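Hi there,

Here is the structure I promised to pass on to you. Have a look at it first, and then read my notes below.

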Protein chains: 2
Amino acid sequence: MTQTSVPDVVIRRLTTYLQTLKHMAQRGEHVASSTEIGRWAGVSPAQVRKDLSHFGEFGRQGLGYEIGFLCTQIERILKIDQDWRLILVGAGALGHALMNYGAFVTGRFQIVAVFDSDPAKVNTRVGQREILPMERLAEIIAERHVEIAILAVPATAAQHVADQLVACGVRSILSYAPITLNTPRDVHVRYIDPVASLQTMTYYL
Amino acid sequence: MTQTSVPDVVIRRLTTYLQTLKHMAQRGEHVASSTEIGRWAGVSPAQVRKDLSHFGEFGRQGLGYEIGFLCTQIERILKIDQDWRLILVGAGALGHALMNYGAFVTGRFQIVAVFDSDPAKVNTRVGQREILPMERLAEIIAERHVEIAILAVPATAAQHVADQLVACGVRSILSYAPITLNTPRDVHVRYIDPVASLQTMTYYL
DNA sequence: CTGTGTGAAGCTTTTCACAGCG
DNA sequence: CGCTGTGAAAAGCTTCACACAG
C-alpha cells in the first residue's frame, strides 16, 4: 500500500529495524519475529508488523521474517540499494571529521566534493579531496547529479548557503547548523545538533 | 499544568523555539507573537501557544511574548539555566572533534573527562584533557557528580560501555553509535547518526 | 483590533485482538 | 501451535475557533 502516504516516523523506524536485522544477521540468525526485532529496536511487536505492512507482506505466518530478504526489502524501500553522491559545504573541524568518517569513506553515501567560502581554504586538501570555492557549487551539482548536501557551516551562514543549495537543485539537506532552515516544502531537511539533543535530556533529569 | 506529563515532542520543539527567540533577540526584537515564532521554527501558531501552555502563561494577550522573559522561562523548564558536567567516552576522530566543538568548550555543557579503552591512547591528550582509562569511570562520575555521557565508541563496544555508564549512575546518554541501546527505562538516550538521517531522506527522493 | 490561552473537534499513530496461514 | 497481517478501538497530538484581555 505505497498508495497512502506513510508517516515519517515509520520511515525513521525502518532504519532502526535495518540496523537490528544486520546485527542479527551477523550473529548468524536467519529468521526474526516481530517480537525479536521490536525488542532490539525498542518498539512493540505490533508496531513492527504495522510499519512493515505499509509496504507489503514480508513475513511468513507462524514463522517470522527471513532476515536477508527483509533487509533487501527495507533497503529497496528506503532507496539505499544504490549509491548516493553527496556534497559537503563547510571545511571546518566538523567538515574534516565528516570527510574522514568511515561510513562516508567506504559506504554508499559518497562525498564527491567539498566547498568552503574561505579563500584561504580553497585549493587546500581535506582527506583525499580538494576544497572548492562556492562559485563552483552549481557546476558540480549539475555535473555529478547531486541531490543531497551536508551543511557544516556556522549558523550565521547556514540559511544563505541553504538558499544556494536549493537554487542549484539540491533536494535533501543534512544540517549541522543549530537553526531551523527555511526551505521549499519539497526540500527535505534533517538536523543534527548535539547541544539541542542534550537540552532535551536535561529536562528529564 | 506541569501536573500531567508533557509529550517528548513538545520538549524537543522547546529547543527550537529557544533558538528562534535568541535569534530574534540578536536582531534587536523585544516581543514575538506565536505566529512569528512559529514561522521561524516551522510550526503553526496554535502549536506554539499550546506547547507553551503546558508550562504556564508566558504571553500577554493582544501583544505576544516578551522575548527575554520567554527565553528565561524555557531555559528554566529545560533546566539549562545551569551548568552541566559531561563525560566523553571514546577518543577517536569523533571524540577529538567533539572536544574541540565550540559549544562544549565555552557553553554550559562542559566535558570534564575523556575516557578510552585503548591503552595506547590513555595518558595522551585531546584538547586540554588527558585521556583516562575506563577503570577510572566510576570514580570520576561519582566525584564530579556527572549525570550525562557522550558515547563516541564503535558500534561493537557501545552496548558494553552503555552498561558500564548506567552502572555508574549516568542517567542520560547521547550516543553516536549506530545501534539502539538497551537501557533501563529511567535512563534517557538520544541518538546522532548521520547515516541513519540520510537513509530516511533518500526515501523521499 | 490584535493576539493569548484553551476546551472541543479532528486527525494521526499506536495498541489490541483475532482470523487465517504454515 | 506460533506468528503474521489487519480491521477496529484506544490513545495521543494538532488544529480550530472563540472568550477574553490589553
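**The domains of chain A**

In chain A, the centres of domain 1 and domain 2, taken over C-alpha atoms, are 31 Å apart. The domain assignment places domain 1 at residues 8–78 and domain 2 at residues 84–198. Please keep in mind that this is a predicted model.

**How the two copies are related**

In general, two copies of a chain are related by a rotation about an axis and a shift along it. What rotation superposes chain A on chain B here? It is a rotation of 180°, with 0.0 Å of shift along its axis and an RMSD of 0.0 Å. The two copies are therefore related as by a two-fold rotation axis. Both copies also use the same surface, as 100% of the contact residues of chain A recur in chain B.

**DNA strand C**

Try zooming in on this strand next. DNA strand C is surrounded by 21 residues, and the closest are Q61(A), S34(B), R49(B), Q61(B) and Y65(B). Of the atoms of DNA strand C that come within 4 Å of the protein, 62% belong to sugar and phosphate.

Some of the polar contacts go to phosphate oxygens of this strand:

- An N or O atom in the side chain of Q47(A) is 3.2 Å from a phosphate oxygen of DNA strand C.
- S34(B) uses its backbone, with an N or O atom 2.8 Å from a phosphate oxygen of the strand.
- F58(B) also has a backbone N or O atom by a phosphate oxygen of DNA strand C, at 3.1 Å.

Which elements give two or more residues to the surface near DNA strand C? They are α3 (45–53) of chain A, along with α3 (45–53), β2 (59–60) and β3 (64–66) of chain B. Sorted by class, this surface has four nonpolar, 10 polar and seven charged residues.

**DNA strand D**

Now turn to the other strand. There are 21 residues around DNA strand D, and those that come nearest are S34(A), R49(A), Q61(A), Y65(A) and Q61(B). Sugar and phosphate make up 62% of the atoms of DNA strand D that come within 4 Å of the protein.

Here you can find contacts to bases. A side-chain N or O atom of K50(A) is 3.3 Å from a base oxygen of DNA strand D, and a polar side-chain atom of R49(B) lies 3.2 Å from a base nitrogen of the strand. A polar backbone atom of F58(A), in turn, is 3.1 Å from a phosphate oxygen of DNA strand D.

At least two residues of the surface near DNA strand D come from each of α3, β2 (59–60) and β3 (64–66) of chain A and α3 of chain B. By class, the residues of this surface divide into four nonpolar, 10 polar and seven charged.

**Two places to visit in chain A**

The first is T20(A), which sits in helix α1 (residues 8–26). Is T20(A) buried or exposed? T20(A) counts as buried because its relative accessibility is 7%. A polar atom of the T20(A) side chain lies 2.9 Å from the backbone oxygen of T16(A). Beyond its neighbours within four places in sequence, T20(A) is in contact with I37(A), W40(A) and A41(A).

The other is helix α9 (residues 194–202) of chain A, where nine of nine residues are buried. Among them are P194(A), L198(A) and M201(A). At the start of this helix, a side-chain oxygen of D193(A) comes within 3.1 Å of the backbone nitrogen of V195(A).

Enjoy exploring, and best wishes!

Conventions:
Residues numbered from 1 in each chain as written. Chains lettered and ligands numbered in written order. Predicted model: local features only at pLDDT ≥ 70, side-chain atom pairs only at ≥ 80, totals over all residues. Heavy atoms only, no water. Near = heavy atom within 4 Å. Polar contact = N/O pair within 3.5 Å; in protein donor to acceptor, adjacent residues only side chain to side chain. Helix = DSSP H or I, 4+ residues; strand = E, 2+ residues; numbered from the N terminus. Nonpolar A, V, L, I, M, F, W, Y, C, P; charged D, E, K, R; others polar. Least-squares fit on C-alpha atoms with pLDDT ≥ 70 in both. Contact = heavy atoms within 4.5 Å. Buried < 20%, exposed > 50% of the residue type's maximum accessible area, 1.4 Å probe, protein only. Domains from an automatic or database assignment.
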